[in-house]
Amino acid sequence: MTTKNILQRLVLTTIALLLANFMGGLDSTIVNTALPEITQALDGISLVGWISSIFMLGTATTTILWSRLGERIGNKRTFQLSLIVFMLSSMVAGLAPNMLWLIIARAVMGISTGGMVSVPFIIYADLYPDAARRARALGWVTASFTLSTIIGPILGGIMVDHLSWRWIFFINLPFGILSWLLLQINYQEKRQAQPGKFDYPGTIILVLGLTGLLFGFDAIRISGLRSTILLGGSVLILIGFYWFESHQTDAIVPIRLLKNGRVQIQNLIMFLLNGSFIAYSVYAPMWSQRIFKTNAILGGATQIAGSILLVIGTQVTTRLMRTWSYKQIVLVGTTSMVLSCLIMFLATRHASYWLIFLAGAFEGTAIGLAFTPMQVSVQDGVSQDLIGISTTFSLLFRTLGEAFMAAVFGALLNLRSDLYLGLHLIMEVSFILALVAFCLNLFRKEPVKQTH
């Protein structure tokens with residue numbers, strides 16, 4: 001095979017994976033646009049919260065399971081299986097005659113998304129052994145996701161207005177089919193599958209613990225007692241999970257990975273940054289519209305500077321990685337996040353709209369600079385047999401950061417009778433998260449690069 005053909009297959013394989021990532025991001029925004037129409041058509045306003053939360057729960061609790069399945073049957077087949085399940089469940093969601101049907105379909109969509117957006121990160125490590133080239137590819141992953149979150153609300157509005165809300169699910173089919181075919185034709189997996197015993201007990205314990213945590217954080221806004229019981233019980237389950245896994249030879253999460261403090265501190269930083277990120281991305285538009293009294297367009301425009309600089313930041317990172325240490329790049333990123341959160345924390349009722357816009361610019365820069373080197377590092381900082389699980393374990397932390405803090409911020413908003421005071425409290429907590437992430441990065445030691 002000629003060099004030109006090899007390069008062409010590499011590009012087409014990357015496009016196949018980017019399409020899946022694009023679909024994952026598109027689904028997270030396009031559905032929200034159609035929620036009013038869905039609840040009206042299916043008469044399910046009381047269950048509307050489950051449409052998003054059950055999807056997020058399915059995604060968060062299964063990312064690790066998909067990586068372990070990839071070790072058993074191969075990452076290519078695992079990714080394609082997740083695509084097929086995603087497309088079928090999307091079709092079922094589009095045909096839903098009632099809310100219960102739709103919620104079940106959304107749960108399956110979330111489960112399949114766990115594999116659809118996590119397994120590609122393992123495949124990237126196979127496609128791009130060189131860290132700098134892999135960082136460039138991961139930059140395009142971030143760019144495709146960001147693009148989808150911008151297009152999603154616009155596309156969703158067009159479909160709801162001119163077609164039907166059902167098309168927000170049917171739109172996944174052509175993207176999914178194209179992604180599946182491109183990967184099937186162009187990607188030949190190098191690593192061999194490793195059939196072995198599957199840790200079913202450990203899997204059940206982990207899913208129970210994570211599910212309990214997600215419901216526990218969500219219950220904060222409803223009942224303090226219920227939240228405390230769920231969170232306390234979940235922590236005990238996860239402690240039991242650690243003990244159980246330490247005695248397993250085929251653990252779902254190998255104890256060697258959990259004891260790798262240099263990798264796990266990066267996962268904690270990503271958890272904190274994603275939690276801080278969700279505060280701005282969700283509540284800055286609300287601040288603009290409800291406090292500054294702007295229209296919906298200007299509310300959405302608060303995200304533009306961040307989206308653009310996020311893409312630019314990921315591309316700049318690939319160049320910086322040649323001369324800077326990963327820790328130095330992340331330091332700049334966490335500093336930018338602290339500045340973003342500080343601006344929002346200090347903003348008053350009468351602050352300028354452009355101040356909020358500036359905060360978004362710092363936020364996008366932060367994510368663009370911080371995540372790529374840490375994602376590369378959690379792969380290069382472990383042995384060959386741990387790359388897959390280390391990759392998805394880091395993605396789990398990022399997902400949990402968003403899911404947990406989204407629930408916490410929603411509860412904080414309800415604690416204040418005045419909207420501005422509620423938003424200010426959210427930004428205060430977001431600032432604390434960013435500051436802790438900055439300090440952790442400042443004093444951490446980088447993972448030792450392993451020879452694969």
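Me: How many salt bridges does the rule give in this predicted model?

Reply: The count comes to 1 salt bridge. The pair is Arg349 with Asp418.

Me: What makes Arg349 and Asp418 a salt bridge?

Reply: Their closest N and O atoms are 3.2 Å apart, and the rule asks for a side-chain nitrogen of Lys or Arg within 4 Å of a carboxyl oxygen of Asp or Glu, so the pair qualifies.

Me: Which parts does this pair tie together?

Reply: Arg349 sits in the loop between H15 and helix H16 (353–380), while Asp418 sits in the loop between helix H17 (387–415) and helix H18 (419–443), so parts 69 residues apart in sequence are tied together.

Me: Why is Arg349 called partly exposed?

Reply: Its relative accessibility is 38%, and partly exposed lies between the 20% and 50% cut-offs, so the label fits. Asp418, with a relative accessible area of 26%, is partly exposed as well.

Me: And why does Arg322 count as exposed?

Reply: Happily, that one is quick: Arg322 has 53% relative accessibility, and exposed means over 50%, so the label follows. Arg322 lies in the loop between helix H14 (304–320) and helix H15 (326–346), and with Arg133, Arg136 and Arg319 it forms a positive surface patch.

Me: How do you know that Cys341 is not in a disulfide?

Reply: The closest cysteine sulfur, in Cys439, is 13 Å away; a disulfide needs sulfur atoms within 2.5 Å, so this pair is too far for a bond. The search of the whole structure finds 0 disulfides.

Me: Is Cys341 buried or exposed?

Reply: Cys341 is buried, at 4% relative accessible area, because buried means under 20%. Cys439, by contrast, counts as partly exposed at 35%.

Conventions: Residues numbered from 1 in each chain as written. Predicted model: local features only at pLDDT ≥ 70, side-chain atom pairs only at ≥ 80, totals over all residues. Heavy atoms only, no water. Patch = residues over 30% accessible without salt bridge, like charges linked within 9 Å, V, L, I, M, F, W, Y side chains within 5 Å. Areas by Shrake-Rupley, 256 points an atom, 1.4 Å probe, with all protein chains shown as cover. Lys, Arg positive; Asp, Glu negative; His and termini not counted. Charge placed at Lys NZ, Arg CZ, Asp CG, Glu CD. Helix = DSSP H or I, 4+ residues; strand = E, 2+ residues; numbered from the N terminus. Buried < 20%, exposed > 50% of the residue type's maximum accessible area, 1.4 Å probe, protein only.
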